[in-house]
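Visitor: I would like to go through a model and hear the reason behind each label.
Guide: Then ask about the labels one at a time.

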There are 2 protein chains.
Amino acid sequence: MTKKMLLKDVARLAGVSEMTASRALRSAPDVSKATRTKVEEIARAHGYVPNRIAGSLSSQSVNLVAVVVPSLNSFVFPEVLSGISSVLKQSPLKPVVGISGYEMDEEEDVIREMLSWRPSGLIVAGLEHNEATQRMLTQADCPVVEVMDVDGTPLRHCVGISHLQAGRDMAAQILAQGYRRIGFIGTKMPQDFRARKRFDGFSEALAAQGVALVDSLHYAGDSSIATGRQLTAEMLERHPDLDCIYYSSDVMSVGGYMHCLATGLSVPQDVALAGFNNLQILAGLPLQLATTDACRRQIGERAAEIVLKARESAEELPPICETLSPRISLGQSL
Amino acid sequence: MTKKMLLKDVARLAGVSEMTASRALRSAPDVSKATRTKVEEIARAHGYVPNRIAGSLSSQSVNLVAVVVPSLNSFVFPEVLSGISSVLKQSPLKPVVGISGYEMDEEEDVIREMLSWRPSGLIVAGLEHNEATQRMLTQADCPVVEVMDVDGTPLRHCVGISHLQAGRDMAAQILAQGYRRIGFIGTKMPQDFRARKRFDGFSEALAAQGVALVDSLHYAGDSSIATGRQLTAEMLERHPDLDCIYYSSDVMSVGGYMHCLATGLSVPQDVALAGFNNLQILAGLPLQLATTDACRRQIGERAAEIVLKARESAEELPPICETLSPRISLGQSL
DNA sequence: CTATTTCATGTTACCGGTAACAATTTCCTA
DNA sequence: TAGGAAATTGTTACCGGTAACATGAAATAG
């Protein structure tokens, strides 16, 4: 109705000072029941929406936690987010998401933008950042938690799994099952450091057993079922004798499985398949595909807990680095 | 290094006034090349991150566009978001996402929170909001665009498709193919108004041709391939003679297809399947499933364009309501 | 060489709340 | 019923920038 309701308008209408109105609306203590009710009523009736910009500037506190992830399409980050949200719900903090697009410079911009709002915490995927970003994160006056990955040097707090080890472990499983003619298919490979680490751990562990990768494909584009299928077809055409393919993501291994379904190859008899992440799309397939659970939800939860703990403690929290243990499930495809 | 760099610190170090430093960092006009360079250098060297809270309070402008969607898990909203982002990239505006969880009261909270930051625009999925939310949106002093759906009364601007019509159209296609024993499977049905509308349009159009739905399942939980498979199994057990199932989402129809693969039913000979959204997961399957493209990306783009246009125009933009035309693709499953 | 612009920089006030502290009122207790 | 603690409300200053206007310096004109 009216132009803009300000706190002073609410206060005037309620016949109290701005300060009292402010306290009433924030349900701060030291306001009489009667006054509080009256102020709240008036505020509601007039659709007053407090200006948090002013409030935050004055109180020097912002109830937001910045969360920076590479992408929302990949099926993997929504679950991290959901872990974060569920923990933050017990607090006044709210998550705000920024997308870095697997690009360090984009990440720098996004993080600068988020920090410029002085959030109460920052959760960022990955340990790899450009120099400017590292400076910002080090100097940020809020807790910073790097998540997903622990292979590297955390700036301070860190929650994740070792992707190198995940790659090695899957290699061990695959070797244990007797496969020897093995291929690897990955996406976003120059930019997705974690996929890269899995690849490194994987091929290293194979090599340690005297097994060389027969073929590997590093596709620059996004992962999708369609590309998984496409790349699998290509690889199997080049090497019809492959007995196992390890993918950088479940999305891709599902694509590989679709190729097998479409061409009548039987899994794992003709070719074994293994992915990574334990995505929801694996559930419900006719065949259970091998994968590694990346503990995504748990990572989100722990990261949020660290932010909360840091907020509560008076002095700066000592660095925390949590390494979670991903679980491999062999399913029926290995 | 130092505690907190403020603009005044940068200014002092550069030997200029705060105002000049401010202008230099915002690349405002009226600053000499030399001064600008110097200020920028000092700011960068000391890792100065401007305080946008203060800046926005003073300039009464916030370069953020609030985007409120029900969920990020459903595979459908990331693409809307991506349309929004791509358009906003040509402007200084940045999207900020909020999740309403298919709950009107949660939506109210999220929208209040977002509006309290005084964004330059608000894009919200759906036309259904509780009363308090409607009031807020009406009184908001920024352009508000309701997206995805046009079946209802937009508050002001609106971009979407008619889900009622989408349901009717799919019914027509299914009837045209000669199917008569038809079932429907939907999820989130009390809360997902758009799925509900498709169902209504669908059954209405069938009824108009004298065909009654043989069975329909309204599942409260989230849609997933696994539940799609599960519910399909249940429905086919109850009604082995069904010749076609229409799902509220492609995720579910993929689940149905998985059931058929697993049990040896052939699609569409034994049972025809149709979904909705034209999600990316459909690509790469051995069989192309029938679906309706919901124009998600385009919806995001147009919504963002409306926000930009409203921002540029001096007076308030007249209401815009754009109805996009979803395209059905029959694929090979009908 | 002075008057008039133009360009670059500085000054002042204010954005809309809230912390900190002061003042007032209410409520007890002796 | 006075005196003091407790509960409530008000006053003042300030958060960290930026708009608007004022000022000073350099450039162009006559």
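**Labels and their reasons**

Guide: Around DNA strand C there are 24 residues, and the closest are Leu7(A), Ser22(A), Ala54(A), Ser58(A) and Ser17(B). This is a predicted model, in which local features need pLDDT of at least 70 and side-chain atom pairs count only at pLDDT 80 or more, while totals for chains, interfaces and linings use all residues. Residues are numbered from 1 along each chain as its sequence is written, and chains are lettered from A and ligands numbered from 1 in the order in which they are written.

Visitor: What makes a residue count as near a strand?
Guide: Its C-beta atom, placed from the backbone, has to lie within 6 Å of the strand. Which elements give two or more residues to the surface near DNA strand C is also known: helix H2 (18-25) and helix H4 (52-59) of chain A, and helix H2 (18-25) and helix H4 (52-59) of chain B. The largest share, 5 residues, comes from H4(A). Helices here are DSSP runs of H or I with at least four residues, strands are runs of E with at least two, and both are numbered from the N terminus.

Visitor: How many residues around DNA strand C are nonpolar, polar and charged?
Guide: There are 10 nonpolar, 11 polar and 3 charged residues. Ala, Val, Leu, Ile, Met, Phe, Trp, Tyr, Cys and Pro count as nonpolar, Asp, Glu, Lys and Arg as charged, and the others, Gly among them, as polar.

Visitor: Which residues come nearest to DNA strand D?
Guide: Of the 24 residues around DNA strand D, they are Ser17(A), Leu7(B), Ser22(B), Ala54(B) and Ser58(B). H4(B) gives the most to that surface, with 5 residues.

Visitor: Why is the relation of chain A to chain B called a two-fold axis?
Guide: Two copies of a chain are related by a rotation about an axis and a shift along it. Here a rotation of 180° with 0.0 Å of shift superposes chain A on chain B, with an RMSD of 0.1 Å, and that is the relation of a two-fold axis. In chain A, the C-alpha nearest the axis belongs to Ile53(A), 2.8 Å from it. The copies are superposed by least squares on the C-alpha atoms of residues with pLDDT of at least 70 in both.

Visitor: How many residues does each chain give to the contact?
Guide: Chain A gives 43 residues and chain B gives 43 residues. Two residues are in contact if their C-beta atoms, placed from the backbone, lie within 7 Å. On the side of chain A that touches chain B, H4(A) gives the most, with 5 residues.

Visitor: What makes H6(B) roughly parallel to H7(B)?
Guide: The axes of H6(B) (residues 104-115) and H7(B) (residues 131-139) come within 9 Å and cross at roughly 25°. Angles under 35 degrees count as roughly parallel, over 145 as roughly antiparallel, 65 to 115 as roughly perpendicular and the rest as oblique. H6(B) is therefore roughly parallel to H7(B). The axes are lines fitted to C-alpha atoms, for helices over the stretch in contact, and angles run from 0 to 180 degrees between N-to-C directions.

Visitor: Why is H8(B) called oblique to H9(B)?
Guide: H8(B) (residues 163-176) and H9(B) (residues 193-208) pack at an angle of about 40°, with their axes 7 Å apart. That angle makes H8(B) oblique to H9(B).
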